[in-house]
Amino acid sequence: MTDRLPHHLRSDALDNRDRILDAARALFATEGLKVPMREIARHAGVGPATLYRRFPTKQMLATEAFTDEMRACRAIVDEGLAHPDPWRGFRLVIEKTCELHARSRGFTEAFMATFPNAIDFVAERAYALNSIAELAHRAKDAGHLRPDFVLDDLILMLMANRGIQTTSEAARVAASRRFAALVIQAFQASPQHSPLPPVARLAPAAPRKAR
């Protein structure tokens with residue numbers, strides 16, 4: 001029995017960790033980083049002590065929870081950099097980045113926050129921003145990106161994209177795609193006003209008048 005106990009404990013610990021991360025991802029996506037740690041513990045079905053033992057701070061939890069999003073972010077900018085047409089590559093980055101962030105409100109907060117103890121997270125963010133800056137430089141040289149574009153405009157875009165309020169993730173993603181199309185036209189040196197994606201209905205339907 002003594003030989004089985006350590007393995008059983010390790011299995012339970014891994015299960016708890018997975019449940020905590022699943023709960024954190026779900027709540028961060030809908031509520032953002034403001035969600036209390038106790039709420040995450042409750043959704044994970046563990047006690048607060050177990051949560052804090054695994055993740056002493058919300059920064060550590062968010063860093064671990066958004067590992068997949070950071071990898072996806074790197075893949076997006078790498079795809080943009082590899083595109084032979086820098087303007088198309090830049091557009092691709094804008095479109096896919098907006099959609100990635102639209103799927104999780106918390107990821108945008110984490111991406112723009114300063115996590116001094118999360119070295120890997122900071123390094124990935126710096127890589128993404130530096131890569132986009134390089135892609136923007138190429139697009140400017142090609143004459144397609146407006147010359148006054150600065151990287152702060154990208155941060156402004158992410159902040160605005162995060163502000164999209166809808167009743168479902170699907171509606172939020174649809175609205176984000178339209179927003180990205182508008183942003184791309186604004187960034188273009190000579191806008192051609194391509195057709196926009198379908199409108200996402202954000203305003204509630206007008207109430208019918210009583211007869």
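## Report on a predicted all-helix model

Among the elements of the chain in this predicted model, helix 1 (residues 4–31) has the lowest mean pLDDT, 77, whereas helix 6 (residues 86–102) has the highest, 96. Averaged over the chain, the pLDDT is 85, and 82% of the residues score at least 70. Two stretches call for caution. Over residues 1–5 the pLDDT stays under 50, and the model shows zero contacts for them beyond four places in sequence. A second such stretch is residues 205–211, where the pLDDT is below 50 and there are zero contacts beyond near neighbours in sequence. Where pLDDT is low, the predicted coordinates should not be read in detail.

### Overall architecture

The chain is built from 10 helices and has zero strands. Its pattern along the sequence is accordingly written α-α-α-α-α-α-α-α-α-α. Of the 211 residues of the chain, 38% count as buried. The accessible surface of the chain amounts to about 12500 Å², and carbon and sulfur atoms account for 55% of this area. Contacts can also be sorted by separation along the sequence: among those between residues at least 6 apart, 66% join residues at least 24 apart.

One span carries a record annotation. In an unreviewed entry, UniProt lists residues 36–55 as "DNA-binding region". In the model, this span is 75% helix and 0% strand, and its end C-alpha atoms lie 13 Å apart.

### Two buried residues

Cys 98 is located in helix 6, the element with the highest mean pLDDT. Cys 98 counts as buried because its relative accessibility is 1%, and the limit for that class is under 20%. Leaving aside residues up to four places away in sequence, Cys 98 touches Met 157, Asn 161, Ser 176, Phe 179 and Ala 180. Cys 98 and Val 173 are 75 residues apart in sequence, yet their C-alpha atoms are separated by 8.4 Å in space.

Gln 188 is placed in the segment after helix 10 (169–187). With a relative accessibility of 14%, Gln 188 is therefore classed as buried. Its contacts, again without residues up to four places away in sequence, are with Trp 87, His 144 and Arg 146. Between the C-alpha atoms of Gln 188 and Pro 147 the distance is 9.2 Å, although 41 residues separate the two along the chain.

### Salt bridges

Side chains of opposite charge can pair when their charged atoms come close. The count for this model comes to 13 salt bridges. Three of the pairs are set out below, each with the distance between nitrogen and oxygen.

| Residue | Partner | N to O distance |
|---|---|---|
| Arg 103 | Glu 99 | 2.8 Å |
| Glu 99 | Arg 177 | 3.1 Å |
| Asp 148 | Arg 146 | 2.7 Å |

The pair of Glu 99 and Arg 177 links distant parts of the chain: Glu 99 belongs to helix 6 and Arg 177 to helix 10, with their positions 78 residues apart. Glu 99 also forms a salt bridge with Arg 103. Salt bridges with shared partners join Glu 99, Arg 103, Glu 169 and Arg 177 into one network.

Two arginines of this network are classed by their accessibility. Arg 103 counts as partly exposed because its relative accessibility is 36%. Arg 177 has a relative accessible area of 42%, so Arg 177 is likewise partly exposed.

The pair of Asp 148 and Arg 146 can be described in the same terms. Asp 148, with a relative accessible area of 48%, is partly exposed. Arg 146 is also partly exposed, at 34% relative accessibility. Arg 146 is, in addition, one of the residues touched by the buried Gln 188.

### A nonpolar surface patch

Met 112, Leu 156 and Met 159 make a nonpolar surface patch of about 290 Å². Met 159 lies in helix 9 (residues 151–162). The relative accessibility of Met 159 is 48%, and Met 159 therefore counts as partly exposed.

Terms used:
Residues numbered from 1 in each chain as written. Predicted model: local features only at pLDDT ≥ 70, side-chain atom pairs only at ≥ 80, totals over all residues. Heavy atoms only, no water. pLDDT = per-residue confidence, 0-100. Helix = DSSP H or I, 4+ residues; strand = E, 2+ residues; numbered from the N terminus. Contact = heavy atoms within 4.5 Å. Patch = residues over 30% accessible without salt bridge, like charges linked within 9 Å, V, L, I, M, F, W, Y side chains within 5 Å. Areas by Shrake-Rupley, 256 points an atom, 1.4 Å probe, with all protein chains shown as cover. Salt bridge = Lys/Arg side-chain N within 4 Å of Asp/Glu carboxyl O. Buried < 20%, exposed > 50% of the residue type's maximum accessible area, 1.4 Å probe, protein only. UniProt positions renumbered as here; feature names shortened; annotations may be inferred.
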